[in-house]
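Subject: Structure for your review

Dear colleague,

Please find below the structure that I am handing over to you. My notes on what was found in it follow.

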Amino acid sequence: MAKRIIIPARLKSGRLQGKILLPIAGKPMLQHVYERAIQCDFDSVLVATDDESIAEVARGFGAEVCMTSSLHPTGTDRLAEAVIKMDYDEDDIIVNVQGDEPLIPVENIQQVAENLQFNPKASVATLCEPLHSIEEVMSPNIVKVVMDKMGMALYFSRAPIPWERSEFPKQLPVHVSCYRHVGMYAYRASFLQSYAQLGPSLIEQWEGLEQLRVLWNGGKIHVGIAEQATLPGVDTYEDLIRVRRHLGDLSE
């Protein structure tokens, strides 16, 4: 069994076009992500993309690249194609590291892979963090997750779950554990090889959350509490400026 990282990378983005190639402290954003990924000392780190300009940049800083279709609706679909093309062993663990998260903690990448390795009933592993305010719980922009006693996901939602009927929306009850889903995943290669055959589910389309496809089809997702706080990725120009400043780049 090998541990591998795949960085799905596309040029188009809804709010900040071409963001993964934008410079941060003298390097493209994608390179910052790649350099964090290789610190994990896994068996391989691969950039999966449908764009030759991304491939050229990635090869320029030493990354291995797999060219994939431009028709994939999600990053997971892109990973699935890359796993098949690269002929990875079905027991390999594949961690999806997003190309727009240049501040991703190395410890969390390692944690999610280990969680999947030591939970053989799960096909997928992911992470979460506690929520501390009613505003966070009520926000539809924050995805919530509820787990069972074994740490397996019961459901993901943009709605405030779990709902404590006698308290909400007055305050966040201290006895209720509310968690924000951290969008980092580890997959078994065997699961990714079959993922492309699973059509989108109705609840996935309603919530706009692709991980619900796994639960809909009877799969198990292990959810661990992240060891390190996960700083937000880059979705907007304001996010880009924040990350630049965090890394000592004062340019705007």
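In these notes, a residue counts as buried under 20% relative accessible area, as exposed over 50%, and as partly exposed in between. Please keep in mind that this is a predicted model.

By that scale D50 is partly exposed, because its relative accessibility is 27%. R78, in contrast, is buried, because its relative accessible area is 3%. The side chains of these two residues, R78 and D50, form a salt bridge with an N to O distance of 3.9 Å. This contact links distant parts of the chain, 28 residues apart: R78 belongs to helix α3, while D50 sits in the loop between β4 and α2.

Salt bridges

The whole structure contains 10 salt bridges. One of them joins the side chains of D92 and R4, at 3.0 Å from N to O. Here too distant parts of the chain are linked, since 88 residues separate D92, in the loop between α3 and β6, from R4, in strand β1. Both D92 and R4 are buried.

A further salt bridge connects the side chains of R213 and E204, with 2.9 Å between N and O. R213 and E204 are likewise both buried. In addition, K19, D100 and D235 are joined into one network by salt bridges that share partners.

The nonpolar core

The largest nonpolar core has 35 residues, and those that touch the most other members are I5, I7, L30, V47, V95, V97 and I109. Two or more residues of this core come from each of the strands β1 (3-9), β4 (44-49), β6, β7 (124-130) and β10 (179-188), and from each of the helices α1 (29-38), α2 (52-60) and α4 (106-117). Of these elements, α4 gives the largest share, with 5 residues.

A charged patch on the surface

D87, D89, E90 and D91 together form a negative surface patch. D87 lies in the loop between α3 (75-86) and β6 (93-96). Is D87 buried or exposed? D87 is exposed, because its relative accessibility of 66% is over the 50% limit. The loop between α3 and β6 thus appears twice in these notes: it holds D87 of the negative patch, and it also holds D92, the partner of R4.

When you open the model, I would suggest viewing the salt bridge of D92 and R4 together with the negative patch that includes D87.

With kind regards

Conventions
Residues numbered from 1 in each chain as written. Predicted model: local features only at pLDDT ≥ 70, side-chain atom pairs only at ≥ 80, totals over all residues. Heavy atoms only, no water. Patch = residues over 30% accessible without salt bridge, like charges linked within 9 Å, V, L, I, M, F, W, Y side chains within 5 Å. Areas by Shrake-Rupley, 256 points an atom, 1.4 Å probe, with all protein chains shown as cover. Salt bridge = Lys/Arg side-chain N within 4 Å of Asp/Glu carboxyl O. Lys, Arg positive; Asp, Glu negative; His and termini not counted. Charge placed at Lys NZ, Arg CZ, Asp CG, Glu CD. Helix = DSSP H or I, 4+ residues; strand = E, 2+ residues; numbered from the N terminus. Buried < 20%, exposed > 50% of the residue type's maximum accessible area, 1.4 Å probe, protein only. Core = buried A, V, L, I, M, F, W, Y, C linked by side-chain atoms within 4.5 Å.
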